[in-house]
Amino acid sequence: MSGTADSDLEAKVKPKAQRPRLWKVILLNDDFTPREFVTAVLKSVFRLTEDQAWRVMITAHQKGVCVVAVYTREVAETKAADANEAGRANGFPLRFTTEPED
Ligand code: NFA
């Protein structure tokens, strides 16, 4: 063994500082929600800039989906629910989902 008794013990007992798994919030395209409304929700709920919000919206519009941001699970689920409620409250089928990062 090359380490000291102390560092050998430390290697056995020191708890690993686990980083929580992060969750993606994903924006789904639909044919009805206005672009400006999607962008407004991305700015207000996810605190994106106008530029970031427009790029995320257009990417989802063109590709079907776009990752908005990653958060801890509870924050991701709360923001997705808030954003879905904003769509529902305004009569739009706007949908956000969450999924764990690999
Ligand atoms: N596809 C919508 C439109 O053309 C815009 C949109 C983009 C909706 C991204 C949902 C998500 N009005």
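**Exercise 1. Asp 51: inside or outside?**

Asp 51 is partly exposed, with a relative accessible area of 47%. Work out why Asp 51 gets the label "partly exposed", and find the element in which Asp 51 is found.

*Solution.* Before we start, a heads-up: you're looking at a predicted model, in which local features need pLDDT of at least 70 and side-chain atom pairs count only at pLDDT 80 or more, while totals for chains, interfaces and linings use all residues. Residues are numbered from 1 along each chain as its sequence is written, and side-chain values use heavy atoms, with hydrogens and water left out.

Step 1: get the cut-offs. Buried means under 20% relative accessible area, exposed means over 50%, and partly exposed is in between (1.4 Å probe, protein chains only).

Step 2: apply them. Asp 51 has 47%, so the label is partly exposed.

Step 3: place the residue. Asp 51 sits in helix 3. Helices (H or I, at least four residues) and strands (E, at least two) are DSSP runs, numbered from the N terminus.

Step 4: check a distance. Asp 51 and Thr 39 are 12 residues apart in sequence, and their C-alpha atoms are 9.3 Å apart in space.

**Exercise 2. Sketch the chain**

Write down the order of the elements from the N terminus on, and say how many helices and strands there are.

*Solution.* Step 1: count. You should get 4 helices and 3 strands.

Step 2: order. The elements run α-β-α-α-β-α-β.

Step 3: look at the whole chain. Of its 102 residues, 31% are buried. Now take contacts, meaning heavy atoms within 4.5 Å. Among those with a separation of 6 or more, 70% join residues 24 or more positions apart.

**Exercise 3. Build the core**

Which residues touch the most other members of the largest nonpolar core? And which helix gives the most to this core?

*Solution.* Step 1: know what you're hunting for. A nonpolar core is a set of buried Ala, Val, Leu, Ile, Met, Phe, Trp, Tyr and Cys residues joined through side-chain atoms within 4.5 Å.

Step 2: pick out the best-connected members. Of the 24 residues, these are Val 25, Leu 27, Leu 42, Phe 46, Val 68 and Phe 96.

Step 3: trace the elements. Strand 1 (23-28), helix 2 (35-46), helix 3 (50-63), strand 2 (65-71) and helix 4 (73-89) each supply at least two residues. Helix 2 gives the most, with 6 residues.

Step 4: zoom in on Phe 46. Skipping residues up to four places away in sequence, Phe 46 touches partners including Val 25, Val 68, Ala 83 and Phe 96.

**Exercise 4. Two helices crossing**

Decide why helix 2 and helix 3 are called oblique to each other, and list the residues that make their contact.

*Solution.* Step 1: find the geometry. The axes of helix 2 and helix 3 come within 9 Å and cross at roughly 125°. Axes are lines fitted to C-alpha atoms, for helices over the stretch in contact, and angles run from 0 to 180 degrees between N-to-C directions.

Step 2: name the angle. Under 35 degrees counts as roughly parallel, over 145 as roughly antiparallel, 65 to 115 as roughly perpendicular, and the rest as oblique. Helix 2 and helix 3 are therefore oblique to each other.

Step 3: list the contact. Helix 2 brings Arg 35, Glu 36, Val 38, Thr 39, Leu 42 and Lys 43, and helix 3 brings Glu 50, Ala 53, Trp 54, Val 56, Met 57, Ile 58 and His 61.

Step 4: sort by class. Ala, Val, Leu, Ile, Met, Phe, Trp, Tyr, Cys and Pro count as nonpolar, Asp, Glu, Lys and Arg as charged, and the others, Gly among them, as polar. That gives 7 nonpolar, 2 polar and 4 charged residues.

**Exercise 5. Lys 24, Thr 97 and Arg 47**

Is Lys 24 buried or exposed? Then do the same for Thr 97 and Arg 47.

*Solution.* Step 1: Lys 24 lies in strand 1, and with 16% relative accessible area, Lys 24 is buried.

Step 2: Thr 97 belongs to strand 3 (residues 95-100). At 24%, Thr 97 counts as partly exposed. Leaving out residues up to four places away in sequence, Thr 97 touches Lys 24, Val 25, Ile 26 and Leu 28.

Step 3: Arg 47 is in the loop between helix 2 and helix 3, and at 66% Arg 47 is exposed. Arg 47 also has a positive phi of about 60° although it isn't a glycine.
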